[in-house]
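Biologist: Got a minute to walk me through this one? I'd like to start with the empty spaces and then get to how the chains meet.

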Amino acid sequence: MNLFRNNADIKLDVLKEVGNIGAGNAATALSTLLNKPVDMAMPQVNFLPFEAISERVGGSEAVVVAIFLRVEGDAPGNMFFIINREPARRILQGLLGFDAAENDDYSELELSALNEIGNILAGSYLTSLADFTGLRMSPTVPSLAVDMAGAILSYGLLQFGTMGDDALLIDTTFLEGPQEAEGHFFFIPDPESFEKLFRALGVPI
Amino acid sequence: MMEGVLIKVGMADLNIADEGAVLKTTGLGSCVGLTLYDPRLRLAGMAHIMLPSSDIAREGQLNIAKYADTAITELLLRMKNKGAITERLIAKMAGGAQMFAFMGGSDTMRIGPRNVEASKLVLKQLAIPLLSEDTGGNYGRTIELSSQTGMLSIRSVQFGVKEI
């Protein structure tokens, strides 16, 4: 991407900070919601080939629970909160206080709880990002899918699709305890949004 | 002999196979998996189409496998180079789902149906009959096309495996 020709290191660092601040607040919100500590790994910011993005969550065919929403406003983009089915079950169990059904189907209540988690997390991610940048950013109503990661994530790549075969992904991993990945927060700003983010944060273009 | 060899077709990618090899692409959501088959040569082709038209491309070097118009034309060309004849070819397709339902439904959100429509239009222009399809819905699909039989097998999380 041409925008990264100058000051690439600074720019990638700034985007890491974007992930840090956004996901940091989202992790705090999740921790409050579940009433237990939720840790966060250092955000990874990379240009990745489309195929490699689903590798981050177990591969194109891995079945994941995904909450997707569009970010609207000054710096639009796509946002995903992605969890594997087992941690999703644990989160629901913690939240609802009873065992989720054994089979793979989610009840209305569970789906609605997952949607609400997505809503709260995305809301706190974007609120902190908006405060940090002074940009107007608001989430659309979240939409939930339990399906193949590749099928889900391709939706977030369409804006990059017309420009090339890579997308810039801000990926923050949530951890429940030190070892296991609980979930991923993906923020994929539209290609046009980077300049606005950089300007807002005083990064020389 | 390449009997049963699996050839993976990535996202915005295309390939052809013969001698019993199987073409596979995974995790089709709004993307369309379009296949062509020449039964006489037992020659198969598959494209993983991401966007409906190369008119919207803003990339410097066009990835022709990404867009319905350029991908199908290129696939046809590659198969012809292997001896296929347009009149013998049959097409099948799967995918083009709308994974997420949104109020209003902007153009981007309708990308699945648009990919399907665009692919059908190109096939019509090239006079290649569409034998069968499994498109639409709100779920992901993984597909495999056997160059031995021309059978397209479609797997989804909800509905298991079906063949068209």
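Biologist: Which residues line the second largest cavity?

Modeller: Keep in mind that this is a predicted model. The second largest cavity is lined by Ile67(A), Leu69(A), Met79(A), Phe80(A), Phe81(A), Gly118(A), Leu121(A), Ala122(A) and Phe185(A).

Biologist: And which elements do they come from?

Modeller: In chain A, β3 (63-73), β4 (77-84) and α4 (108-133) each give at least two residues to that lining.

Biologist: How does that lining divide into nonpolar, polar and charged?

Modeller: Eight residues are nonpolar, one is polar and none is charged. The space inside comes to about 40 Å³.

Biologist: How many cavities of 30 Å³ or more are there?

Modeller: The count is two. The largest cavity holds about 120 Å³ of space. It has 18 lining residues, and the closest to its centre are Glu51(A), Ser54(A), Ser60(A), Gly150(A) and Met11(B).

Biologist: Which elements supply at least two residues each to the lining of the largest cavity?

Modeller: From chain A, α2 and α5 (149-153) do, and from chain B, β3 does. By class, the lining of the largest cavity has six nonpolar, 10 polar and two charged residues.

Biologist: Back to Glu51(A) for a second. What does its side chain meet in a salt bridge?

Modeller: The partner of Glu51(A) is Lys8(B), at 3.6 Å from N to O. Glu51(A) sits in helix α2 (residues 50-55) of chain A and Lys8(B) in strand β1 (residues 6-8) of chain B, so this salt bridge links two chains.

Biologist: How many salt bridges are there between chain B and chain A?

Modeller: Four between those two chains, and 16 over all chains. Another pair to look at is Lys24(B) with Glu61(A), a salt bridge whose closest N and O atoms are 3.6 Å apart.

Biologist: What about polar contacts across that interface, how many residue pairs?

Modeller: There are 11 residue pairs in polar contact between chain B and chain A, counting pairs with both residues at pLDDT 80 or more.

Biologist: Which elements of chain B give two or more residues to the side that touches chain A?

Modeller: Those are β3 (22-28), β8 (141-146) and β9 (152-156) of chain B. The largest share comes from β3(B), with four residues. By class, the side of chain B that touches chain A has 17 nonpolar, 12 polar and seven charged residues.

Biologist: How many residues does each chain put into the contact?

Modeller: Chain B puts in 36 residues and chain A puts in 31. Between them the two chains bury about 2,600 Å², with 61% of that on carbon and sulfur atoms.

Biologist: OK, pockets now. What's the volume of the largest pocket?

Modeller: About 430 Å³. Its lining has 17 residues, and those nearest the centre of the largest pocket are Ala145(A), Val146(A), Asp147(A), Asn138(B) and Gln158(B).

Biologist: Which element gives the largest share of the lining of that largest pocket?

Modeller: Strand β6 (residues 143-148) of chain A, with five residues. Sorted by class, the lining of the largest pocket has nine nonpolar, four polar and four charged residues.

Biologist: Great, I'll go and look at those spots.

Terms used:
Residues are numbered from 1 along each chain as its sequence is written. Chains are lettered from A and ligands numbered from 1 in the order in which they are written. This is a predicted model: local features need pLDDT of at least 70, side-chain atom pairs count only at pLDDT 80 or more; totals for chains, interfaces and linings use all residues. Side-chain values use heavy atoms; hydrogens and water are left out. On a 1 Å grid over the protein atoms alone, a cavity is a set of points where a 1.4 Å probe fits but cannot get out, and a pocket is an open set with protein on both sides within 12 Å along at least five of seven lines; lining residues have an atom within 4 Å of a point. Grid points are joined across faces, edges and corners, and a volume is the space filled by probe spheres set on the points. Ala, Val, Leu, Ile, Met, Phe, Trp, Tyr, Cys and Pro count as nonpolar, Asp, Glu, Lys and Arg as charged, and the others, Gly among them, as polar. Contact means heavy atoms within 4.5 Å. Buried area is the accessible area (1.4 Å probe) that two parts lose on being put together, summed over both. A polar contact is a pair of N or O atoms within 3.5 Å; within protein, one must be able to donate a hydrogen and the other to accept it, and residues adjacent in sequence count only if both atoms are side-chain atoms.
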